[in-house]
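Colleague: I would like a close look at one part of this model, taken slowly and with the surroundings included. Please begin with the place where the copies meet.

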There are 2 protein chains.
Amino acid sequence: MSSLPPLRVGLLGLGTVGGGTIAVLRRNAEVISRRVGRSIEVVAASARDISKPRAFDLSGIELYADPAELVLQPQVDVVLELIGGTTVAKDLVLLALENGKHVVTANKALIALHGNEIFEVAQRTDTVVAFEAAVAGGIPVIKATREALAGNRIEWLAGIINGTCNFILTAMSEPGCEFETVLAEAQALGYAEADPAFDIDGIDAAHKLTILAAIAFGVPLQFERVYVEGIRHISRADVEYAERLGYRIKHLGMARQVADGIQLRVHPTLIPVSQLLANVDGVMNAVMLHSDAAGSTLYYGAGAGAEPTASAVVSDLVDVARTGDADRVNRVPPLAFQTGSLSELPIVSMDAVETAYYLRLHVLDQPGVVADVTRILGASDISIEAILQQESEHGAATVPIIILVHPVVEHAMNQALAEIEALPQVHEPVIKIRMESLA
Amino acid sequence: MSSLPPLRVGLLGLGTVGGGTIAVLRRNAEVISRRVGRSIEVVAASARDISKPRAFDLSGIELYADPAELVLQPQVDVVLELIGGTTVAKDLVLLALENGKHVVTANKALIALHGNEIFEVAQRTDTVVAFEAAVAGGIPVIKATREALAGNRIEWLAGIINGTCNFILTAMSEPGCEFETVLAEAQALGYAEADPAFDIDGIDAAHKLTILAAIAFGVPLQFERVYVEGIRHISRADVEYAERLGYRIKHLGMARQVADGIQLRVHPTLIPVSQLLANVDGVMNAVMLHSDAAGSTLYYGAGAGAEPTASAVVSDLVDVARTGDADRVNRVPPLAFQTGSLSELPIVSMDAVETAYYLRLHVLDQPGVVADVTRILGASDISIEAILQQESEHGAATVPIIILVHPVVEHAMNQALAEIEALPQVHEPVIKIRMESLA
């Protein structure tokens, strides 16, 4: 079909995604080389224990016990890093780049935490680092942001980028499904780890948001500046009240360019049910980008899993097969913007972020409480969009009051909440969930 | 920022999209050149009447009365064809390619009808033809299909790819909004042409489907083989019954690879409300692709409009700026597959297509009618999923019966319907709308 030599891949890590990538490259070898004009072959692999029996066929692949030895093999054109973590993986990626090998990785933590350094080395050694699989699995949101929206100024992005959180929040809309019950179900199904903190506390989403924001706004990777909130404090009651008011609670990664810089935040968010994002259910992911020319575009698909992630990995390998040997001007820069063209826009402190809020208060069932609460909000110039006052449940001393307020700066909201929580009739801390119209 | 010369664009056609493209390239010049490493500038333009006053600034752009003269200017690197139609536009595109100029176009009819010939010339003259804006406006579905899913075998795709049809079908869910009323509203809002046939009879969607199917399955462009049905025969009653049964009616372009070839079809379709596609409302577009590795991915956005279309045009110009001067191996082939690697899979005749159906019958309100109808379906091995029998309206001699049937080959369905329509108690032809689970 073509006289071009195959692209030879050295695979680091023989876990689920590694197996998926080998399977996809083999099963679809014919269609891939019809598209690319050359074949893509895994010629070498390494893993912690290369003698361990595996569910996938490794015939024709040279196995290395030492990953560094694999990286340095002359027959390896591109190193596919699927080890995970940020120590060994980082050393091997840098070793590959220093030795003129291109790198494809699915490692979001590595890119979010060490991407700036990695891309500098790649720039110096004229190599490609590709990482579509690091964000939202099989959804080509990095390609869309870096290439398809290249003519746009991106104004904001909002993504459901952690399948575990979305599975849990979706399931919590069913009667009787409290957070702990659903988490256990997610663990049984393999959608949550035994230690689920990384997902449900928002760290994983923050890694992905860091990457998305960098390529959207042309700022350096700044994981340490992301405001991160997980979903442990969301209760079924909130999911239900939200639905009654026309909203769903989604765990979103959001980045927005505002007058004083870039907002970077990961937190549960009420969004209108009429928004497509509100209808992304279960473990599925989706990212919405709002940009000045294209308006709102949305990208939806499986955010994890062996083959969806392999799909993204192979798409990166295809790009390397096409432009890895070309001049740098023929390639898309890793962070979408040319080296030296990144912006120094500051990251906005969370205190200064303006959003609407959903508030849930538990108050003594006495006259005058609502008047006190609304007086405090009014004194802080916080304007109320809706109030939902529930009947007290039989025998309960307190009643829930749900208040939706129009956008207000976080700092002002927190001050008003401190005053409200000091009222003698207000029991328990106020539940506060941010709201976004995504309009 | 860069020592690379600007990419110089010659613009044919100064309509809405031309104006939008000039505006986007100017407004976002800084961010575009930070991304691409070179600037993209419209240096020349032509239009039927170059002296006509326009709402956008043409300063710095050399105007040509004769578009062929513009095409041949040595300072033009890439010709942007925004004239529309398939006669003059075709001649100018071929002239550009023959003279070594790259071409970017938003012209779906041109690509769908003459793409095979155009790509042959581009192959011979080593030029790029890019056409992201030809399908679904600002949604990068061509880039996603050609590049992001390059490791996948695509199994099927289904798209809401005509905003006029989607606006009308969405609006028809409101009480009192019959087809004709809503069409008039769409015309008043500028969402439908004075002569709306091109959109509402499905021709426009068929052009786009032709292109999508070619790049998804690696088959030549075959517009003449697309089965096309519009939305004129859809009534509010059907929209309402569908909703009651858990479905929405969307005008879909669908392509599917089956054992005996490729299905290419454009028609109204009932899809489950739980599907994201069912929740794509108004003039918005979305395309869902199902492929073996990535699973289902969906791409959503504005399918038309000056700036969304300009976003796609500029993304193509960016790709030309990056790889127009590179070797062919560094570029993505126009139809996703390398020249000479297209498949000869046949297009399946509509008679042989298997789908589920929604049927609406008007029958005399007499005992035994349902038994007769179900007997005929049963004799044809057509199995029933649901029956909805309505009370007769006051004074009406006939009652509507809605029947959903499980997938059956179109030919068998039509034979059974002929028998049913021959029953004396069945009045009016049976309304038949295809159904897809998209699972």
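What percentage of the interface residues of chain B are also interface residues in chain A, and what does that say about the surface through which the copies meet?

Modeller: The model is a predicted one, and what follows should be read as a description of that prediction. To your question: 100% of the interface residues of chain B are interface residues in chain A as well, so the two copies meet through the same surface. In numbers, the contact brings together 51 residues of chain B and 51 residues of chain A. On the side of chain B that touches chain A, helix 2 (29-36), helix 6 (141-148), strand 12 (295-302) and helix 12 (306-323) of chain B each contribute at least two residues, and helix 12 of chain B gives the largest share, with nine residues. Sorted by class, this side of chain B holds 27 nonpolar, 17 polar and seven charged residues.

The relation between the copies is as follows. A turn of 180 degrees, with a shift of 0.0 Å along the axis, lays chain B on chain A with an RMSD of 0.0 Å, and this is the relation of a two-fold axis. Among the residues of chain B, the one that comes closest to the rotation axis is B:Tyr299, whose C-alpha lies 2.4 Å from it.

B:Tyr299 belongs to strand 12 of chain B, and strand 12 also takes part in pairing between the chains: three bridges connect strand 12 (residues 295-302) of chain A with strand 12 of chain B, and the two run antiparallel. Within this pairing, A:Leu298 has B:Tyr300 opposite it in strand 12 of chain B. B:Tyr299 itself is buried, since 28 other C-beta atoms lie within 10 Å, where 20 or more are needed for that label. Setting aside residues up to four places away in sequence, B:Tyr299 touches A:Tyr299 across the interface, and B:Ile139, B:Pro140, B:Val141, B:Ala144, B:Ala286 and B:Val287 in its own chain. As a gauge of distance within chain B, the C-alpha atoms of B:Tyr299 and B:Asp91, which are 208 residues apart along the chain, are separated by 33 Å.

Elsewhere in chain B, helix 7 (residues 163-171) deserves a word, because nine of its nine residues are buried and the helix is therefore largely enclosed by the rest of the structure. The buried residues run from B:Gly163, B:Thr164 and B:Cys165 through B:Asn166, B:Phe167 and B:Ile168 to B:Leu169, B:Thr170 and B:Ala171. They pack against several elements of chain B, including strand 7 (154-160), helix 8 (179-188), helix 11 (236-244) and strand 9 (247-258).

Turning to chain A, the domain assignment divides it into domain 1 (7-139 + 307-330), domain 2 (146-302) and domain 3 (351-435). The C-alpha centres of domain 2 and domain 3 of chain A are 25 Å apart, and their contact takes 12 residues from domain 2 and 11 residues from domain 3. On the side of domain 2 that touches domain 3, helix 11 (236-244), strand 9 (247-258) and strand 10 (261-272) of chain A are the elements that give two or more residues, and strand 10 of chain A supplies the largest share, six residues. That side of domain 2 comprises seven nonpolar, three polar and two charged residues.

Chain A also has an open sheet of six strands, in the order 3-2-1-4-5-6 and with parallel pairing. Its edges are strand 3 (62-64) and strand 6 (129-130) of chain A, each of which pairs on one side only. Four bridges join strand 4 (residues 78-81) of chain A to strand 5 of chain A in parallel, with A:Val78 opposite A:His102; strand 4, helix 4 (residues 88-98) and strand 5 of chain A together make a right-handed β-α-β unit. From strand 5 the chain crosses through helix 5 (residues 108-125) of chain A to strand 6 of chain A, again in a right-handed β-α-β crossover. Strand 5 (residues 102-105) and strand 6 of chain A run parallel and are joined by two bridges, and A:Val104 has A:Ala130 as its bridge partner in strand 6. In a regular strand, side chains alternate between the two faces of the sheet. In strand 5 of chain A, A:His102 and A:Val104 point one way and A:Val103 and A:Thr105 the other way, and all of these residues are buried.

Conventions:
Residues numbered from 1 in each chain as written. Chains lettered and ligands numbered in written order. Predicted model: local features only at pLDDT ≥ 70, side-chain atom pairs only at ≥ 80, totals over all residues. Buried ≥ 20, exposed ≤ 12 C-beta atoms within 10 Å, placed from the backbone. Contact = placed C-beta atoms within 7 Å. Pairing = 2+ DSSP bridges. Nonpolar A, V, L, I, M, F, W, Y, C, P; charged D, E, K, R; others polar. Least-squares fit on C-alpha atoms with pLDDT ≥ 70 in both. Domains from an automatic or database assignment. Right-handed = clockwise from strand over helix to strand, strands pointing away.
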